[in-house]
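Open the model in a viewer and keep the selection tool at hand. The stops below go from one side-chain pair to the next.

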Amino acid sequence: MAPRLLLAAAKRDAAALASGRSVQAALRDAGARAEVRTSEVVQDYTPERERLRLVRVAVQYLAEQLAK
């Protein structure tokens, strides 16, 4: 089974989004068998609420992966 990885960042965090895309591209270019998913949908009014939403995204991802 291939390793699985979630790279999640808030929409307004341009540096984190760019880093996530770089990691995903580097793994793909290296021929890694990892399943990499990015999540760039989190957006809210305050950074605190965005962090809470990022936790929710991570929990949902974990629940999906455990069900497989």
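Begin by selecting glutamate 40 and arginine 21 in this predicted model. Their side chains form a salt bridge, with the closest N and O atoms 2.9 Å apart. The pair links distant parts of the chain: glutamate 40 belongs to strand β2 (residues 35–42), arginine 21 to helix α1, and 19 residues separate them. Show the surface next: glutamate 40 is partly exposed, with a relative accessible area of 26%, and arginine 21 is partly exposed too, at 43%.

Stay in strand β2 and select arginine 37, together with glutamate 64. Here the two side chains meet in a salt bridge, 2.8 Å from N to O. Glutamate 64 lies in helix α2 (residues 47–67) and arginine 37 in strand β2, so this salt bridge ties together parts that are 27 residues apart in sequence. The relative accessible area of glutamate 64 is 31%, which counts as partly exposed. Arginine 37 has 35% relative accessibility and is also partly exposed.

Now select aspartate 44 and arginine 53. Their side chains form a salt bridge with an N to O distance of 2.5 Å. Is aspartate 44 buried or exposed? Its relative accessibility is 11%, so it counts as buried, because the cut-off for buried is under 20%. Its partner arginine 53 is partly exposed, with a relative accessible area of 33%. Add Arg49 to the selection: Asp44, Arg49 and Arg53 are linked in a network of salt bridges.

How many salt bridges does the structure hold? The count is 6; among them are the glutamate 40 to arginine 21 pair, the glutamate 64 to arginine 37 pair and the aspartate 44 to arginine 53 pair.

The last stop is lysine 11. Look for it in the loop between β1 (4–10) and α1 (14–29). With a relative accessibility of 45%, lysine 11 is partly exposed. Which residues does lysine 11 touch, leaving out those up to four places away in sequence? They are Leu17, Glu40, Val41, Val42 and Gln43. Glu40 in that list is the residue that began the tour, the salt-bridge partner of arginine 21.

To finish, draw a distance between the C-alpha atoms of lysine 11 and leucine 27: the separation is 22 Å, for two residues 16 apart along the chain.

Methods: Residues are numbered from 1 along each chain as its sequence is written. This is a predicted model: local features need pLDDT of at least 70, side-chain atom pairs count only at pLDDT 80 or more; totals for chains, interfaces and linings use all residues. Side-chain values use heavy atoms; hydrogens and water are left out. Helices (H or I, at least four residues) and strands (E, at least two) are DSSP runs, numbered from the N terminus. Buried means under 20% relative accessible area, exposed over 50%, partly exposed in between (1.4 Å probe, protein chains only). Contact means heavy atoms within 4.5 Å. A salt bridge is a side-chain nitrogen of Lys or Arg within 4 Å of a carboxyl oxygen of Asp or Glu.
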